[in-house]
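Here is a short tour of one helical pair and the loop that joins it. Keep the model open while you read, and turn it as you go.

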Amino acid sequence: MPTNKNNDLLKLILNLIIIGLFIIITFQVVEPFLFGFFWALMVVITTWPFMIICQERLFNKRILAVLVMMLILSLFFIIPFILIVMSIAKNGGYLIDFAKNLSHHQLPTMDWLNNIPLVGNELYLKWNDLINHDGSDLIKQFQPYFGTMVTWTISQVTNIGVFLFHCAIMIIFSGLLFLKGEEVKKHVYHFAHRLSKQHGEDTVTLAGQSIRAVALGVVVTAVTLTLIGGLSLVLTNMPFVGLITLALFVCCVAQIGPVIIMASCSIWQFWNDNIVAGIVLVIVTLVLTTLDSLMRTFLIKRGVDLPFLVILFGVIGGLLAFGAMGLFIGPVILALTYNFIQAWIEEQDDN
């Protein structure tokens with residue numbers, strides 16, 4: 001009898017080891033695609049109504065609607081990337097010439113630095129030293145950090161490559177999910193019901209609402225503001241339009257708003273005596289600030305009411321944890337967690 005028990009225990013241990021190995025190996029195989037898949041899931045949940053409209057307009061052919069959606073998604077990520085590359089290529093010569101010709105004839109004296117409390121005198125001395133030595137002393141001070149800067153640059157280039165890979169994976173998975181959306185939804189609800197008969201389906205519904213609320217209230221608002229702001233920057237001939245537009249998008253997603261970026265561009269235009277361009281950007285800044293408050297409030301309230309800090313921490317934490325993809329993934333994850341906790345607290349109060 002003890003022998004049978006030992007055999008059963010050994011079988012159980014072996015089964016657990018084998019199952020654990022399968023889980024670990026499976027996770028290692030699918031890990032490179034997980035972020036792209038979850039990103040695609042968010043995109044599909046958010047844009048599903050638009051895809052259905054496309055399908056109705058395209059003779060109820062799902063495959064045509066899917067191709068249109070994949071084309072739109074591709075353009076949405078390819079066009080900004082092309083603009084950034086073109087901006088760097090267009091303005092790179094200006095930066096190189098500026099660095100080569102750095103001298104006291106080009107740099108102002110900036111005596112007002114000496115009036116800044118506490119640190120003004122030190123800043124003034126550093127600036128004069130930079131002017132008098134053509135920046136050579138400053139370069140010597142930064143030389144020990146050049147290796148770190150090169151390493152950081154390489155890591156950022158790698159991150160861009162990873163981001164583009166996940167973009168491609170996201171577009172492919174989005175096409176598959178659009179194509180078989182109803183079947184996937186049925187399986188997800190069935191799986192959630194098997195996990196928890198009482199709360200499984202409600203949890204999936206809540207997750208969908210959170211994803212749509214964040215996507216509409218945060219991402220759609222940020223995209224709208226970025227398109228308007230970027231167009232105004234192009235019309236006013238701002239340098240580095242691609243990079244500035246990217247910074248504008250990040251600030252809008254992070255709930256910082258467009259004021260910092262657009263106001264800085266306005267100041268730059270006035271500084272360079274481009275009065276008309278500066279006035280135009282001031283007007284655009286006021287319009288974007290008003291539109292930001294109205295759109296974000298209206299769209300988020302239509303989905304799930306989320307606190308400002310949840311979105312802000314989600315964007316910053318997601319950006320630090322997952323890179324550029326974290327701009328989308330971070331807020332959604334925190335929104336889901338927040339809503340799950342709220343639902344659990346309300347359920348405890350009801351009981």
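Let us begin with α8, which has 13 residues and reaches 18 Å from its first C-alpha to its last, close to the 18 Å expected at 1.5 Å a residue. That expected span is 1.5 Å times one less than the number of residues in the helix. Helices here are DSSP runs (H or I, at least four residues), strands are E runs of at least two, and both are numbered from the N terminus.

A word on the source: this is a predicted model, where local features need pLDDT of at least 70 and side-chain atom pairs count only at pLDDT 80 or more, while totals for chains, interfaces and linings use all residues. Residues are numbered from 1 along each chain as its sequence is written, and side-chain values use heavy atoms, with hydrogens and water left out.

Which residues of α8 are buried? They are V241, G242, I244, T245, L248, F249, C251, C252 and V253. Buried means under 20% relative accessible area, exposed means over 50%, and partly exposed lies in between (1.4 Å probe, protein chains only).

Now bring in α7. The axes of α7 and α8 come within 9 Å and cross at roughly 150°. This makes α7 roughly antiparallel to α8, a label for angles over 145 degrees. Axes are lines fitted to C-alpha atoms, for helices over the stretch in contact, and angles run from 0 to 180 degrees between N-to-C directions.

Where the two helices meet, α7 brings V218, A222, V223, L225, T226, G229, G230, L233 and V234, and α8 brings V241, I244, T245, L248, F249, C252 and V253. Contact means heavy atoms within 4.5 Å. By class, this contact of α7 with α8 has 12 nonpolar, 4 polar and no charged residues.

The backbone around α8 also deserves a look, with these positive phi values:

| Residue | Place | Phi |
|---|---|---|
| N237 | loop between α7 (200-235) and α8 (241-253) | about 60° |
| F240 | loop between α7 and α8 | near 55° |
| Q255 | just after α8 | about 65° |

Neither N237 nor F240 is a glycine. N237 is exposed, with a relative accessible area of 64%.

Finally, step back to the whole protein, which has 12 helices and 0 strands. Buried residues make up 32% of its 351 residues. Among contacts in the protein with a separation of 6 or more, 64% come from residues 24 or more positions apart.

Notes. Angles under 35 degrees count as roughly parallel, over 145 as roughly antiparallel, 65 to 115 as roughly perpendicular and the rest as oblique. Ala, Val, Leu, Ile, Met, Phe, Trp, Tyr, Cys and Pro count as nonpolar, Asp, Glu, Lys and Arg as charged, and the others, Gly among them, as polar.
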